[in-house]
Amino acid sequence: SIFIILSTTPGQRVMRPTFGARLNELIFEPNNSHTAAKAVRYVMEALGMWEPRIRVISVRASPDPQEAARMLITIEYEVKATHDRRSLVHPFYLITEE
């Protein structure tokens, strides 16, 4: 569910036009700390709105040291029903001029 939320652009689903995360707004941005801060905000907003089964503990985003055009978004969360803590790394690809 988290991957689906983060991979969907708002407006992409006709019957739920606000569903998804705004990450695609960052696709042409530079892979730096400013873009990472926006990515963290967009992930927190989207998961807070669309995934009520979890409690987000932290979200971190940083450039991937092995791939210049990839940002790694690490999400630590807790499943509310079981209090099970988990983490997920979501790779986000940017289009950069290099």
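Which residues does Thr74 touch, not counting residues up to four places away in sequence? In this predicted model, the answer is Ser58, Val59, Arg60, Leu88 and Val89. Thr74 itself has its place in strand S2, which covers residues 70-79. With a relative accessibility of 17%, Thr74 falls under the 20% limit and therefore counts as buried. This residue makes a handy starting point for a walk through the sheet.

The sheet is an open one, built from three strands in the order S1-S2-S3, and the pairing is antiparallel. Its edge strands are S1 and strand S3 (84-93), each of which pairs on one side only. Neighbouring strands are turned against each other by 20° on average, with direction ignored. In general, the strands of a sheet pair through backbone hydrogen bonds, in either a parallel or an antiparallel way. Between S1 and S2, the antiparallel pairing runs over nine bridges. As for individual positions, Arg55 stands opposite Glu78 in S2. Helix H2 packs on the sheet, where it touches S1 and S2, and the direction of H2 makes about 160° with that of S1.

Attention can now turn to the nonpolar core. The largest such core has 24 residues, and those with the most contacts inside it are Leu23, Val43, Ile73 and Ile75. Two or more residues are given to this core by each of helix H1 (2-7), helix H2 (33-50), strand S1 (54-63) and S2. Among the contributors, H2 provides the largest share, with seven residues. Ile73 offers a good view of these surroundings. Leaving aside neighbours within four places in sequence, Ile73 is in contact with Leu23, Ala39 and Val43, with Val59, Arg60 and Ala61, and with Leu88, Val89, His90 and Phe92. Two of the partners of Ile73, Leu23 and Val43, are themselves listed with the most contacts inside the core.

Another residue of strand S2 worth a visit is Arg70. Is Arg70 buried or exposed? The relative accessible area of Arg70 is 19%, under the 20% limit, so this arginine is buried. Beyond the residues up to four places away in sequence, Arg70 touches Asn31, Pro63, Asp64, Pro91, Phe92, Tyr93 and Leu94. One of these, Asn31, lies 39 residues from Arg70 along the chain, yet the C-alpha atoms of the two are separated by 7.6 Å.

The aromatic side chains give a short list, since the count comes to one aromatic pair under a rule that asks for ring centres within 6.5 Å. The partners are Phe19 and Trp50, whose rings sit 5.1 Å apart, centre to centre. The angle between their planes is 65°, and the arrangement is edge-to-face because this angle is over 60 degrees. The pair links distant parts of the chain, with Phe19 in the loop between H1 and H2, Trp50 in helix H2, and their positions 31 residues apart. Both partners are buried: Phe19 has a relative accessibility of 9%, and Trp50 has one of 18%.

Charged side chains complete the picture. How many salt bridges does the structure hold? There are eight salt bridges in the structure. One of them joins the side chains of Glu51 and Arg53, at 2.8 Å from N to O. Glu51 counts as buried because its relative accessibility is 5%, under the 20% limit. The side chains of Arg86 and Asp84 also meet in a salt bridge, with an N to O distance of 2.8 Å. Here Arg86 is partly exposed, at a relative accessible area of 43%, and Asp84 counts as partly exposed at 32%. Elsewhere, salt bridges that share partners join Arg22, Glu25, Arg41 and Glu45 into one network. Within this network, the side chains of Arg41 and Glu45 meet at 3.6 Å, N to O. Arg41 and Glu45 both lie in helix H2, four residues apart, which is about one turn of the helix. Arg41 is partly exposed, with a relative accessible area of 42%, and Glu45 is partly exposed as well, with 40%.

Notes
Residues are numbered from 1 along each chain as its sequence is written. This is a predicted model: local features need pLDDT of at least 70, side-chain atom pairs count only at pLDDT 80 or more; totals for chains, interfaces and linings use all residues. Side-chain values use heavy atoms; hydrogens and water are left out. Buried means under 20% relative accessible area, exposed over 50%, partly exposed in between (1.4 Å probe, protein chains only). Contact means heavy atoms within 4.5 Å. A nonpolar core is a set of buried Ala, Val, Leu, Ile, Met, Phe, Trp, Tyr and Cys residues joined through side-chain atoms within 4.5 Å. Rings of Phe, Tyr and Trp (its six-membered ring) pair if their centres lie within 6.5 Å; planes under 30 degrees apart count as stacked, over 60 as edge-to-face and the rest as tilted. A salt bridge is a side-chain nitrogen of Lys or Arg within 4 Å of a carboxyl oxygen of Asp or Glu. Two strands pair if DSSP finds at least two bridges between them. Axes are lines fitted to C-alpha atoms, for helices over the stretch in contact, and angles run from 0 to 180 degrees between N-to-C directions.
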